[in-house]
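Me: I'd like to learn how to read a protein model feature by feature. Could you walk me through one?

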Amino acid sequence: MMGRAHLIISTGVTLSVMGLTGIPVTLPAAAVAVISSLLPDIDEPNSILVRTAIPTGLLRVLQLALVAGAIFIYYFGQDYAPWNLALAGLIAVVSFLPGRTLRHIVMFMIGLGLVQFGQSFSPWNTIAGCVLMISSLVSHRGLTHSLYAVLGWTLLLYFGTGGSAAGQSLWVAGGLSYGLHLAADMLTNRGIRPLPPLKFRIKFKLMSTGSKWGNIVENICIVLTLVLVWYVFLAS
Ligand SMILES: [Zn+2]
């Protein structure tokens, strides 16, 4: 499914369920629900979350910097020939990689940096760094679209908020919204593999993402979500 559909459906249904079951819908909980609705697609370099975190403009700056670095190394490293040429060539090749590959590399580097240098600030940097590095390496709809990921993300939020009463809103919002993203992807032809390395898929084959019929199914789900939100928060 498209990011926009995930954003509206996962967040809308999550907040509605919380409203119906009497769990306080706080602003931080709503923010966590929004992020969690998009988080499973972090392994897709063209997803909303990754495009926002690493915009195309930043990639262009990176490419320019790499080209400049390659020229610099070629000219000022001539004492080390032919290694200056080899290294400059390698950097030049990286700078001309397609955008999605570059995003993967940037994600991996940020993750590596967080693990390497962020540890002294907070254990969260290590966790976030590991998530980034792993998701830059795994294939789309691999590990991030499994039951382990739902469980891991929920436990991370649960223990991260110290299991407090205020934290309840957060881990319920995050776990539910993340799980609903996977549930929505189950409707597609590709489906998800809930328990890798087991090969079995859950797919209801109702739609394929990006197709005309797929857009209709997505829009129907969005309208149903909006009706639910209206019913829970406005009508009663
Ligand atoms: Zn997905």
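**Reading the fold and its details**

Reply: Happy to. The protein chain has 10 helices and zero strands. Keep in mind that this is a predicted model. Along the sequence the elements follow the pattern α-α-α-α-α-α-α-α-α-α.

Me: What box do the C-alpha atoms of the protein chain fill along the principal axes?

Reply: The box is roughly 75 × 45 × 35 Å. Of the 236 residues, 38% count as buried. The accessible surface of the protein chain is about 13200 Å², and 75% of that belongs to carbon and sulfur atoms.

Me: What share of the contacts with a separation of 6 or more comes from residues 24 or more positions apart?

Reply: That share is 62% in the protein chain. Some individual pairs illustrate the idea. Glu218 and Met1 are 217 residues apart in sequence, with their C-alpha atoms 7.4 Å apart in space. Ile8 and Val223 are 215 residues apart along the chain, and 9.6 Å separates their C-alpha atoms. For Thr26 and Ala173, 147 residues apart along the chain, the C-alpha separation is 9.8 Å.

Me: Where is Glu218 found, and is Glu218 buried or exposed?

Reply: Glu218 is found in helix α10. It counts as buried because its relative accessible area is 1%, and the cut-off for buried is under 20%. Leaving aside neighbours within four places in sequence, Glu218 is in contact with Met1, Met2, Ala5, Ile9, Met207 and Thr209.

Me: Which residues are in contact with Ile8, leaving aside neighbours within four places in sequence?

Reply: They are Val13, Ile222, Thr225 and Leu226. Ile8 itself sits in helix α1. With a relative accessible area of 28%, Ile8 is partly exposed. Its distant partner in the C-alpha pair above, Val223, has its place in helix α10 and is also partly exposed, at 49% relative accessibility. Thr26, from the other pair, belongs to the loop between α1 (3-21) and α2 (27-38), and at 32% Thr26 counts as partly exposed too.

Me: Next, the metal. Which residues coordinate the zinc ion?

Reply: A metal site is read from its donors, their distances and their angles. Here the zinc ion is coordinated by Asp41 (OD), His145 (NE2), His181 (NE2) and Asp185 (OD), at 2.1 to 2.3 Å. Along the chain, these donors follow the spacing D-x103-H-x35-H-x3-D. One pair links distant parts of the chain: His145 lies in the loop between α7 (123-137) and α8 (147-160), while Asp185 lies in helix α9, 40 residues apart. His145 and Asp185 are both buried.

Me: Why is the arrangement around the zinc ion irregular?

Reply: Start from the ideal: four tetrahedral donors have angles of 109.5 degrees at a metal. In this model, the four donor atoms subtend angles of 84 to 170°, so the arrangement is irregular. To count as tetrahedral, all angles would have to lie between 85 and 135 degrees.

Me: And the backbone? What should I look for there?

Reply: Two handy rules of thumb: most residues other than glycine have a negative phi, and most peptide bonds are trans. Now look at the peptide bond that joins Ala81 and Pro82: this one is cis, with omega about 5°. Pro82 is found in the loop between α4 (56-76) and α5 (83-95). The peptide bond from Pro196 to Pro197 is cis as well, with omega near 10°. Pro197 lies in the loop between α9 (165-186) and α10 (212-235).

Me: What is phi of Lys205 near, and where does Lys205 lie?

Reply: Phi of Lys205 is near 50°, a positive value in a residue other than glycine. Lys205 lies in the loop between α9 and α10. At 56% relative accessibility, Lys205 counts as exposed.

Me: Last one: which residues make the nonpolar surface patch?

Reply: Leu20, Val25, Val223, Val227, Trp230, Tyr231, Phe233 and Leu234 make a patch of about 830 Å². The largest share, six residues, comes from α10. You have already met Val223, which is one of the patch residues and is in helix α10.

Conventions:
Residues numbered from 1 in each chain as written. Predicted model: local features only at pLDDT ≥ 70, side-chain atom pairs only at ≥ 80, totals over all residues. Heavy atoms only, no water. Helix = DSSP H or I, 4+ residues; strand = E, 2+ residues; numbered from the N terminus. Buried < 20%, exposed > 50% of the residue type's maximum accessible area, 1.4 Å probe, protein only. Donors = N, O, S within 2.8 Å, 3.2 Å for Na, K, Ca; no water. Tetrahedral: all angles 85-135°; square planar, octahedral: opposite > 155°, others 65-115°. Contact = heavy atoms within 4.5 Å. Patch = residues over 30% accessible without salt bridge, like charges linked within 9 Å, V, L, I, M, F, W, Y side chains within 5 Å. Areas by Shrake-Rupley, 256 points an atom, 1.4 Å probe, with all protein chains shown as cover. Salt bridge = Lys/Arg side-chain N within 4 Å of Asp/Glu carboxyl O.
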